[in-house]
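Please open the model in the viewer and keep the sequence panel visible. The tour below proceeds by selections, each followed by a description of what is found there.

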Protein chains: 2
Amino acid sequence: MTESDRSVPCFADLKEAAARLKGVAVTTPLLESELLNKRLGIRLLVKPESLQKTGSFKFRGAYNTLARHADVFRRRGIVAYSGGNHAQGAAAAAALLGVDAVVLMPSDAPALKIQRTQAYGATVQLHDRWKDDRDALAAEIIQQTGRVLVPSFDHFDVICGQGTVGLEIASQCADAGIEPDAVLFCCGGGGLSAGASLATKTLMPATLAFGAEPEAFDDTRRSLLSGRREDNSRGARSICDALLTRCGELTLSMNRNTLNGVLTVSDSQVLDAMRTLFVEFKLVAEPGGAAAFAASMSHAWPRSRKNDQPTVVAVVSGGNVEPAVYAAALV
Amino acid sequence: MTESDRSVPCFADLKEAAARLKGVAVTTPLLESELLNKRLGIRLLVKPESLQKTGSFKFRGAYNTLARHADVFRRRGIVAYSGGNHAQGAAAAAALLGVDAVVLMPSDAPALKIQRTQAYGATVQLHDRWKDDRDALAAEIIQQTGRVLVPSFDHFDVICGQGTVGLEIASQCADAGIEPDAVLFCCGGGGLSAGASLATKTLMPATLAFGAEPEAFDDTRRSLLSGRREDNSRGARSICDALLTRCGELTLSMNRNTLNGVLTVSDSQVLDAMRTLFVEFKLVAEPGGAAAFAASMSHAWPRSRKNDQPTVVAVVSGGNVEPAVYAAALV
């Protein structure tokens with residue numbers, strides 16, 4: 001069956017993505033801190049996708065997309081738009097596969113993300129996040145150049161690539177004899193949670209799956225409640241620059257099936273999570289990358305299924321943060 | 001054959017340590033950054049032992065030591081002395097195995113290291129690094145209490161535990177089809193380099209092995225040249241608090257057989273390495289933990305054996321750094 005036969009990824013598609021990413025993406029470890037577990041009263045495992053190539057899970061989806069039809073992308077080139085992590089993921093995947101890349105980025109994206117996208121060899125075009133219509137900008141480029149759009153989340157192959165995070169979590173938990181009560185994914189457009197919760201729900205059906213969103217960008221939370229695709233208010237702001245995105249149609253339709261809910265976090269909870277990841281795990285997390293960990297720390301988890309300490313897995317989704325911003329968060 | 005039959009670890013002893021650590025220690029990944037590789041003109045792989053339990057490789061040696069004779073240690077308790085990473089490693093291993101621990105630490109050790117050693121449940125006794133004779137202090141405790149000393153590096157079982165870092169490097173390189181030209185280990189007392197270079201020299205005989213020391217604490221470098229156990233000068237200082245140690249007798253005798261030399265690094269090279277590990281790898285490294293990476297970045301590597309880009313593996317040995325110190329290093 002090919003993609004055109006049906007539009008929603010199934011478990012077998014995640015396995016195909018994993019085969020494509022084997023030996024290319026980093027199999028990030030599962031880490032835990034006995035001291036933090038003792039303090040929180042839960043067993044909290046961290047999956048640090050900050051250690052993934054390009055510093056976020058986004059590399060998985062971009063590489064899976066490009067590698068699946070590499071000949072087409074090599075011939076036509078790609079265009080992507082992104083707040084910075086998909087930008088780097090697409091640029092790095094394109095470089096590895098010999099594909100020419102143009103990336104539209106908001107001018108207020110962290111300078112580090114812009115610089116590194118360029119360093120991977122992509123041509124970066126800046127736009128105003130709050131004023132410009134980036135869909136229209138991308139459409140113009142596509143019309144003029146024949147490039148293929150590689151969406152940052154609402155796309156079959158991208159979601160399948162991100163889903164490999166969930167496959168790894170399930171496999172690593174099985175190897176370690178761990179049966180998590182819940183697994184949490186940072187949620188912007190919802191690609192990571194859509195793909196990865198499909199994997200965990202398939203392989204660990206008793207494990208709850210949650211998204212984690214910034215308080216002011218809780219569109220997926222509200223969409224799951226209302227049953228339709230909600231948006232965020234124009235004036236909303238958050239330090240989680242990676243998560244300032246409205247959920248997609250495909251991602252929402254998938255998340256509706258596999259997420260048990262969405263937890264929200266404040267900026268100060270995110271900063272506290274970044275500091276805790278530094279002290280307890282020696283991990284650099286960007287604000288948006290720390291949202292699921294922040295939610296794991298602050299949520300009042302019920303007793304586990306087995307009536308002992310609850311076990312929670314949180315994906316740290318990215319680590320692309322400016323040195324000065326990070327330094328300020330630490331002290 | 002038991003330890004008493006011969007005093008120098010051999011390869012089989014490392015494999016026994018690995019079996020003891022299986023499922024307890026983190027198998028840390030091998031990471032690389034395409035952007036950094038391009039900039040340096042070498043392929044530089046990082047083995048982040050900062051992600052190990054307690055934030056450094058020291059957990060491996062301490063756990064291997066305690067687990068091998070757990071009944072004895074449970075009955076008698078242990079005493080350890082350490083600048084902070086072995087302290088945490090010994091305290092955490094003792095907690096996991098139900099062993100009572102007293103740890104002597106220098107009063108100028110990073111507060112984070114002291115606090116965390118206590119948090120693992122050990123009793124910490126502070127002393128003056130530059131004045132007190134910690135051997136005498138430990139001997140007194142041992143005489144009064146019957147506790148067993150767990151040395152921080154110059155000990156058969158400790159070295160075998162640290163050697164598992166080298167086993168993992170060789171195994172991960174083989175899996176990835178990588179044949180490194182050189183592998184570098186941070187070197188204080190020399191336990192990591194002694195054990196891990198035994199592993200890499202056995203499994204990858206064509207790969208050179210180097211220690212990395214702070215310029216002012218290059219006792220292992222000078223000892224390898226002079227053939228006898230050299231010391232560091234009284235006035236020597238370095239930001240690498242984890243490496244302010246004179247080499248041991250056993251570690252030196254082993255390093256003599258398996259190290260091809262020792263590279264030295266300045267404080268400013270170490271700070272630059274910490275920043276690079278932040279930007280390129282999203283890894284928090286403490287100063288001493290970044291020494292081998294700093295040496296890898298600054299050394300003028302010759303063309304590889306296969307006459308292409310040289311491939312170098314650097315162990316990042318620890319990440320226990322104060323938030324304020326780290327923040328200052330970043331900006």
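Buried area is the accessible area, taken with a 1.4 Å probe, that two parts lose on being put together, summed over both. Between chain A and chain B it comes to about 2800 Å², and carbon and sulfur atoms give 69% of it. In chain A, the residues that lose the most area to chain B are Leu35(A), Phe278(A) and Lys282(A), together 24% of what that side buries.

The model is predicted: local features need pLDDT of at least 70 and side-chain atom pairs count only at pLDDT 80 or more, while totals for chains, interfaces and linings use all residues. Residues are numbered from 1 along each chain as its sequence is written, chains are lettered from A and ligands numbered from 1 in the order in which they are written, and side-chain values use heavy atoms, with hydrogens and water left out.

**First stop: the two chains**

Display both chains and superpose one on the other. A rotation of 180° with 0.0 Å of shift along its axis places chain A on chain B with an RMSD of 0.0 Å, the fit being by least squares on the C-alpha atoms of residues with pLDDT of at least 70 in both copies. The copies are thus related as by a two-fold rotation axis. To locate that axis, select Ala327(A): of the residues of chain A, its C-alpha comes closest, at 2.2 Å. The same surface serves both copies, since 100% of the contact residues of chain A recur in chain B.

**Second stop: the interface**

Select the residues in contact (heavy atoms within 4.5 Å). Chain A contributes 33 residues and chain B contributes 33 residues. Next, look for pairs across the boundary. There are 4 salt bridges between chain A and chain B, a salt bridge being a side-chain nitrogen of Lys or Arg within 4 Å of a carboxyl oxygen of Asp or Glu. One to display is that between the side chains of Glu280(A) and Arg116(B), at 2.9 Å from N to O. Polar contacts join 9 residue pairs across the interface, both partners at pLDDT 80 or more. A polar contact is a pair of N or O atoms within 3.5 Å; within protein, one must be able to donate a hydrogen and the other to accept it, and residues adjacent in sequence count only if both atoms are side-chain atoms.

Which helices of chain A each supply at least two residues to the side that touches chain B? They are helix 2 (34-40), helix 6 (111-119), helix 12 (267-281) and helix 14 (323-330). Helices (H or I, at least four residues) and strands (E, at least two) are DSSP runs, numbered from the N terminus. Helix 14 of chain A gives the most to this side, with 5 residues.

**Third stop: helix 6 of chain A**

Select helix 6 of chain A and colour its buried residues: Leu112(A), Lys113(A), Ile114(A), Arg116(A) and Thr117(A). Buried means under 20% relative accessible area, exposed over 50%, and partly exposed in between (1.4 Å probe, protein chains only). Their cover includes helix 5 (85-97), strand 4 (101-106) and strand 5 (123-127) of chain A, together with helix 2 (34-40) and helix 12 (267-281) of chain B. Gly121(A), which follows helix 6 of chain A, has a positive phi, near 105°.

**Fourth stop: salt bridges within the chains**

Over all chains the structure holds 34 salt bridges. Select Glu168(A) and Lys47(A), whose closest N and O atoms are 2.6 Å apart. Glu168(A) lies in helix 8 (residues 156-176) of chain A and Lys47(A) in strand 2 (residues 43-48) of chain A, so the pair ties together parts that are 121 residues apart in sequence. Both Glu168(A) and Lys47(A) are buried. Add Glu49(A) and Arg60(A) to the selection to see a network of salt bridges that links them with Lys47(A) and Glu168(A).

Now move to chain B and select Asp157(B) and Arg68(B), a salt bridge with its closest N and O atoms 2.5 Å apart. Asp157(B) is in helix 8 (residues 156-176) of chain B and Arg68(B) in helix 3 (residues 58-68) of chain B, 89 residues apart. Asp157(B) counts as buried at 3% relative accessibility, whereas Arg68(B), at 23%, counts as partly exposed.

**Last stop: Asn37(A)**

Finally, select Asn37(A) in helix 2 of chain A. With a relative accessible area of 8%, Asn37(A) is buried. Its side chain makes a polar contact of 3.0 Å with that of Glu32(A).
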